[in-house]
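Open the model in your viewer and keep the sequence panel beside it. We will start with the whole chain, then select a few places in turn.

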Amino acid sequence: MILPRAIRAAAPLAVGALAVCALAGDAGPRFALVQPDLFSASGAMPNAWADVDNDGDLDEFVGFRGRPNRLYRQDHGGFQDIAAEVGIADAVETRAAAWGDFDADGNVDLYVGFIDGTPNKLYRNDGNGRHFTDVAAAMGVDATGVTRQVSWIDYDNDGDLDLFVAFRDKPNRLFRNDGARFTDVTVESGIGDPRKTVGAAWFDVDGDGDLDLFAANQNGDTNGLFRNDGGRFVDVAREWGVEAPRRSAEFGGVGAAVADFDGDGFFDLFVANYGPSAMYRNDGGRRFVDVTTSVGLFFEQHATTPSWSDVDNDGRPDLYVAGFLAAETHYPDHLFLNTRAGFREALPAIVAEHDASHGVQWVDFDGDGALDLALANNDAKGGHYLLRNLLDAAAARQSLAIDVVDARGRHTKPGAEVRVYAAGTRRLISSGLVDTGGGYCSQNVMPVHVATAGAARVDLEVTTMSPKGRRVTKRSGVDPRTAARPLVVTTPGP
């Protein structure tokens, strides 16, 4: 039996319409509930954010088990559910949701994955979020199966978004975007991992200018790390040190999340597991090294979803990990603050009482510079709460929101890397990735949050993938106090 770690909890203090609390005597983050009655429905699993209606703020899709899915349109900090109105209120158990502008028309579209034999749906956004049309069959992506991580990525660097779908009951699939229709290239690409995949993350692991795939596999299966060799994938998990042989069929990988936790310029990998979770440090783009214990992240339980953030804008990414066990409403979650001395737990009581079981997203929904927390809990007494980060205003402004677009102003660059340096130097302050999937089987289209950690001016570098390798777009001397939010960075085409 896997025993949960102890968790501290206390009753929140009600302040007007908000509930605010922090752990007694703890200098950790503070949060306040946003519209708790609206976000209280149980059964939530994936949650994904994007600007659905092109009005400049982020909206949230939530997939459910036991009730229709919801789409919360945001209007200047207030939310309302419009899913039925726009045609995406499916009542089938939904385990995956991914936003991506597959047709590059400037409107984000939504792929929704089910588990009960219902064909997955691709909802085309017919203009500013007013109506969505299911075009999955017409586009050749109406796959069926126990769908888990879905990702919109440009695996072949041709400038448009391709579609990856992971399954827990059959081989994973890759669909190449050919304009009028998608083509199933699973077999010829070599990416059809037949193991029981739950989580997946795409990033340029080896620094060669194309996106590679890490697959977290469950039920005793080992993990996969699929190196992209010009559109043909080779599993190098064993030689890279992330295969993770299991002790029994009860153990396995669930969710994966990527961040440069140690500030060395290389993106590292955390994997939430049933059993011991694992922190893998990227050793110079050559292999991964398991540093779980040495950095203070060892724990053994039913962990489901990891999600990185810089909750205090100090330049060191922090880590939220959700836990799930069907018999426990509040199975322990963790918020690990990344300090100079290593990681330490700092989960506020208000979060413990409104925790996650599956969906975890960090999102600056109100644009104040501090990352807020959106959680989804599918327990009978759970909810899908949104918690505003109450970071001090001066600290909140020590950040940038970088909106990476292509030469046409479209969001076709998942996996692009954003790095922030002290102006005029090569001192790396922080970094982040354009989302390729995470937060439990979800994908967002939103700006990359990067901390400036008190620097008066910073230099930005955005690295994108191309047929000719990695291409870097630079912005110099950016003042975080006066920079646009979001700051749009236009990158070259393929």
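**The whole protein**

Show the cartoon first. The protein has six helices and 38 strands. Here helices (H or I, at least four residues) and strands (E, at least two) are DSSP runs, numbered from the N terminus. This is a predicted model, where local features need pLDDT of at least 70 and side-chain atom pairs count only at pLDDT 80 or more, while totals for chains, interfaces and linings use all residues. Residues are numbered from 1 along each chain as its sequence is written, and side-chain values use heavy atoms, with hydrogens and water left out.

Now rotate the C-alpha trace. Along its principal axes it spans about 55 × 55 × 50 Å. What radius of gyration does the protein have? The value is 20 Å, which agrees with the figure near 23 Å for a compact globule of 494 residues. The radius is taken over C-alpha atoms, and the globule rule is 2.2 Å times the number of residues to the power 0.38.

**Surface and interior**

Switch on the surface. The protein exposes about 17,400 Å², and carbon and sulfur atoms supply 50% of it. Accessible areas come from the Shrake-Rupley method with a 1.4 Å probe; for residues, only the protein chains shown count as cover. Of the 494 residues, 62% count as buried. Buried means under 20% relative accessible area, exposed over 50%, and partly exposed in between (1.4 Å probe, protein chains only).

Hide the surface and select Trp49, Tyr320, Val351, Leu373 and Leu387. In the largest nonpolar core, of 36 residues, these touch the most other members. Another core, of 21 residues, lies apart from it; Ala96, Phe102, Val150 and Phe167 are among its members. A nonpolar core is a set of buried Ala, Val, Leu, Ile, Met, Phe, Trp, Tyr and Cys residues joined through side-chain atoms within 4.5 Å.

**Two loops with positive phi**

Select histidine 76. It sits in the loop between strand 6 (70-75) and strand 7 (78-81). Its phi is positive, about 55°, although it is not a glycine. Is histidine 76 buried or exposed? It counts as exposed, because its relative accessibility is 79%.

Next, asparagine 128. Look in the loop between strand 10 (121-125) and strand 11 (132-134). Asparagine 128 also has a positive phi of about 55° without being a glycine. At 32% relative accessibility, asparagine 128 counts as partly exposed.

**Two buried stops**

Select proline 317, in the loop between strand 24 (300-309) and strand 25 (318-323). Its relative accessibility is 14%, so proline 317 counts as buried. Leaving aside neighbours within four places in sequence, its contacts include Ala259, Phe261, Trp308 and Phe343. Contact means heavy atoms within 4.5 Å. Add serine 430: the two are 113 residues apart in sequence and 8.1 Å apart in space, C-alpha to C-alpha.

Move to asparagine 228, in strand 18 (residues 224-229). It counts as buried, at 0% relative accessibility. Not counting residues up to four places away in sequence, asparagine 228 touches Tyr155, Asp208, Asp210, Leu211, Asp212 and Phe233.

**Last stop: a cis bond**

Which residues does a cis peptide bond join? Select arginine 485 and proline 486, where omega is about 5°. Proline 486 lies in the loop between strand 37 (471-478) and strand 38 (487-490).
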